[in-house]
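Let's take a walk through a protein model, one piece at a time. Have the sequence and the 3D view open as you read.

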Amino acid sequence: LVPAHYDLTDTARLLALANMAGCDAYIAGVDAKYHYGFWRPFHAIPLADTDGNTETEPDPFWTSLIPAPVHPDYISTHSTFTGGSMRVLALLLGDDTPFVVSSPALPNVTAEYDRFSDAAFEVGRSRVWGGIHFTTACEVGRAGGEANADHAVTHELLSR
């Protein structure tokens, strides 16, 4: 994944910036969660008749596919971290860089991506599909992460 012309310093900068952007975005995301305190689909769908909107109907039997975390929905910190770290990789390596993700926890399972931005988008979609976030929480989270990455790449750990 790291270009052949990258030396140890270039590689260390790339990894440091990806982690800095992701972590700074994650911290901002946690702050936003407790500032806004939005409910998750896990609560909103069964209690839709209490939201003040006569157009929504509750589904008391609905549940999420992923167990709902015990903190507020907005913004998605998974999306903030991934948006930030993937954006750094896109800015420094080019967004159209194919890559494969795997995990020792899931042997023989891989995810292949044609670009870093696809992975960041899919993280948010998976959280919505799993029933633990609303779309806006993921879109705003990813955008916040990307903004952190833009700042980090242009202002932090600059080459001499």
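## Starting point: S85

Which helix is S85 found in? S85 sits in helix 3. Keep in mind as we go that this is a predicted model.

Is S85 buried or exposed? Its relative accessibility is 9%, and since anything under 20% counts as buried, S85 is buried. Setting aside neighbours within four places in sequence, S85 is in contact with A18 and G22. Both of those partners turn up among the buried residues of helix 1, so that's a good place to go next.

## Helix 1, end to end

Helix 1 covers residues 8-36, which makes 29 residues. At 1.5 Å a residue the helix should span 42 Å, and the C-alpha atoms at its ends are indeed 42 Å apart, so expectation and model agree.

Now look at the two ends. At the N-terminal end, D7 acts as a cap: one of its side-chain oxygens lies 3.0 Å from the backbone nitrogen of T9. At the other end, helix 1 is followed by G37, which has a positive phi, near 60°.

## The buried side of helix 1

Which residues of helix 1 are buried? They are T11, R13, L14, L17, A18, A21, G22, A25, G29, A32 and K33. Try reading along those numbers with the spacing in mind: an α-helix has 3.6 residues a turn, so residues three or four places apart point the same way.

And what do these buried residues pack against? Their partners are helix 3 (77-93) and helix 5 (135-155).

## Two nonpolar cores

Time to look inside. The largest nonpolar core has 11 residues: Y6, L14, M86, L89, A90, L93, F99, Y113, F116, A119 and A120. Helix 3 and helix 4 (116-129) each put in at least two of them, and the largest share, four residues, comes from helix 3.

A120 is a nice one to click on. Not counting residues up to four places away in sequence, A120 touches T82, G83, M86 and R142. Apart from this core lies another one, made of seven residues, including A18, A21, A149 and A152.

## Salt bridges

How many salt bridges does the structure hold? There are five. One of them joins D150 and R87, with the closest N and O atoms 2.9 Å apart. D150 belongs to helix 5 and R87 to helix 3, so this pair ties together parts that are 63 residues apart in sequence. D150 is partly exposed, with a relative accessible area of 28%, and R87 is also partly exposed, at 26%.

Another salt bridge links R115 and D118, with 3.0 Å between the closest N and O atoms. Here R115 has a relative accessible area of 29%, which makes it partly exposed, and D118 is partly exposed too, at 28%.

## A linked network

R142, one of the residues that A120 touches, also has a salt bridge of its own: its side chain meets that of E146 at 3.8 Å, N to O. R142 and E146 both lie in helix 5, four residues apart, or about one turn of the helix.

Which residues are linked in a network of salt bridges? R87, R142, E146 and D150 are. Find these four in the 3D view, and you can trace the network from helix 3, where R87 lies, to helix 5, where D150 lies.

How values were computed: Residues numbered from 1 in each chain as written. Predicted model: local features only at pLDDT ≥ 70, side-chain atom pairs only at ≥ 80, totals over all residues. Heavy atoms only, no water. Helix = DSSP H or I, 4+ residues; strand = E, 2+ residues; numbered from the N terminus. Expected span 1.5 Å × (residues − 1). Buried < 20%, exposed > 50% of the residue type's maximum accessible area, 1.4 Å probe, protein only. Contact = heavy atoms within 4.5 Å. Polar contact = N/O pair within 3.5 Å; in protein donor to acceptor, adjacent residues only side chain to side chain. Core = buried A, V, L, I, M, F, W, Y, C linked by side-chain atoms within 4.5 Å. Salt bridge = Lys/Arg side-chain N within 4 Å of Asp/Glu carboxyl O.
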